[in-house]
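Today I am going through one structure with a few plain look-ups in mind. My notes follow in the order in which I made them.

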Amino acid sequence: MKKVVFVDDDYQLQQLVSATLSDTYKVVGVQDADEFQKKFTALQPDLVILDVALKRLEPYAGFRLLEWLKTNCSHVSIICFSGFPNRDDMKRAQALGADWCIRKPCSMSELKAVVEAVVR
């Protein structure tokens with residue numbers, strides 16, 4: 001079973017995404033970029049779903065994490081799942097190597113379809 005790590009500071013959204021994807025994937029929720037980096041070796045994800053606007057430690061810490069992932073773990077697929085308040089943020093995520101960008105809010109069926117497309 002492929003492993004998906006969902007990095008988002010919204011615990012309720014983590015639970016919803018986990019419930020949506022857990023029939024097909026092993027889903028692990030992580031609250032922030034620093035926690036993810038500390039646990040990365042143990043987690044060994046196939047896919048990371050990343051909110052780029054993580055607020056807990058610093059605004060847009062997700063961009064820093066996206067750069068780190070693409071530099072150190074280029075084999076890991078990344079979906080940026082964020083509010084993207086402006087088009088420049090979405091373009092930045094794509095330029096940094098996101099495999100797909102999806103705007104919150106969206107339906108869980110839409111998110112699941114994107115996950116399935118990226119994991120293939």
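**Entry 1: an exposed loop residue**

I began with Q44, which is exposed at 55% relative accessibility. I am working on a predicted model, so I read each value here as computed. I located Q44 in the loop between α2 and β3, the strand of residues 47-50. Its backbone caught my eye: Q44 is not a glycine, yet it has a positive phi of about 45 degrees. Most residues other than glycine have a negative phi, and most peptide bonds are trans.

**Entry 2: a cis bond**

With the backbone still in mind, I turned to peptide bonds. Which form does the bond from K104 to P105 take? I found it cis, with omega near -10 degrees. P105 sits in a loop too, the one between β5 (100-103) and α5 (108-119).

I stayed with K104 for a moment to see where its side chain goes. The charged end of K104 sits over the ring of F81, 5.6 Å from the ring centre. I noted another such arrangement at R92, which lies over the face of F63 at 4.0 Å from the ring centre.

**Entry 3: aromatic pairs**

Next I asked how many aromatic pairs a search of the whole structure finds. The search returned four. I wrote up two of them, starting with F36 and W68. Their ring centres are 6.4 Å apart and their planes stand at 90 degrees, so I logged the pair as edge-to-face. F36 belongs to helix α2 (residues 33-43) and W68 to helix α3 (residues 61-72), so this pair ties together parts that are 32 residues apart in sequence.

Are the two partners buried or exposed? F36 is buried, with a relative accessible area of 0%, whereas W68 is partly exposed at 25%.

The second pair I wrote up is F40 with W68. Here the ring centres are 5.5 Å apart and the planes are at 85 degrees, so this pair is edge-to-face as well. It links distant parts of the chain, with F40 in helix α2 and W68 in helix α3, 28 residues apart. F40 is buried, with a relative accessible area of 12%. Putting the pairs together, I have F36, F40 and W68 as one aromatic cluster.

**Entry 4: how α2 meets α3**

The cluster made me look at the two helices themselves. The axes of α2 and α3 come within 9 Å and cross at roughly 25 degrees. The cut-off for roughly parallel is under 35 degrees, so I put α2 and α3 down as roughly parallel to each other.

Which residues make the contact? From α2 I listed A33, D34, F36, Q37 and F40, and from α3 A61, R64, L65, W68 and L69. The members of the aromatic cluster, F36, F40 and W68, are thus among the contact residues.

**Entry 5: A61 and its surroundings**

A61 is on that contact list, and I followed it up. This residue of helix α3 counts as buried, at 4% relative accessibility. Leaving aside its neighbours within four places in sequence, I found A61 in contact with A33, V52 and L54.

I then took two distances from A61, both C-alpha to C-alpha. G29 is 32 residues away in sequence and 16 Å away in space. S18 is 43 residues away in sequence and 22 Å away in space. S18 lies in helix α1 (residues 11-21) and counts as partly exposed, at 22% relative accessibility.

**Entry 6: cysteines**

My last look-up was for disulfides. A disulfide is a covalent bond between the sulfur atoms of two cysteines. How many does a search of the whole structure find? The answer is zero.

I wanted to know why C101 has no bond to C80. The sulfur of C80 is the closest cysteine sulfur to that of C101, but at 4.8 Å it is too far for a bond; the cut-off is 2.5 Å. C101 is buried, with a relative accessible area of 13%.

C106 is in no disulfide either: its nearest cysteine sulfur, that of C101, is 12 Å away. I have C106 down as buried, at 19% relative accessibility. The cut-off for buried is under 20%, so C106 still falls on the buried side.

Notes. Residues numbered from 1 in each chain as written. Predicted model: local features only at pLDDT ≥ 70, side-chain atom pairs only at ≥ 80, totals over all residues. Heavy atoms only, no water. Phe/Tyr/Trp six-rings, centres within 6.5 Å; stacked < 30°, edge-to-face > 60°. Buried < 20%, exposed > 50% of the residue type's maximum accessible area, 1.4 Å probe, protein only. Lys NZ or Arg CZ within 6 Å of the ring centre and 35° of its normal. Axes fitted to C-alpha atoms, helices over the stretch in contact; angles between N-to-C directions. Parallel < 35°, antiparallel > 145°, perpendicular 65-115°, else oblique. Contact = heavy atoms within 4.5 Å.
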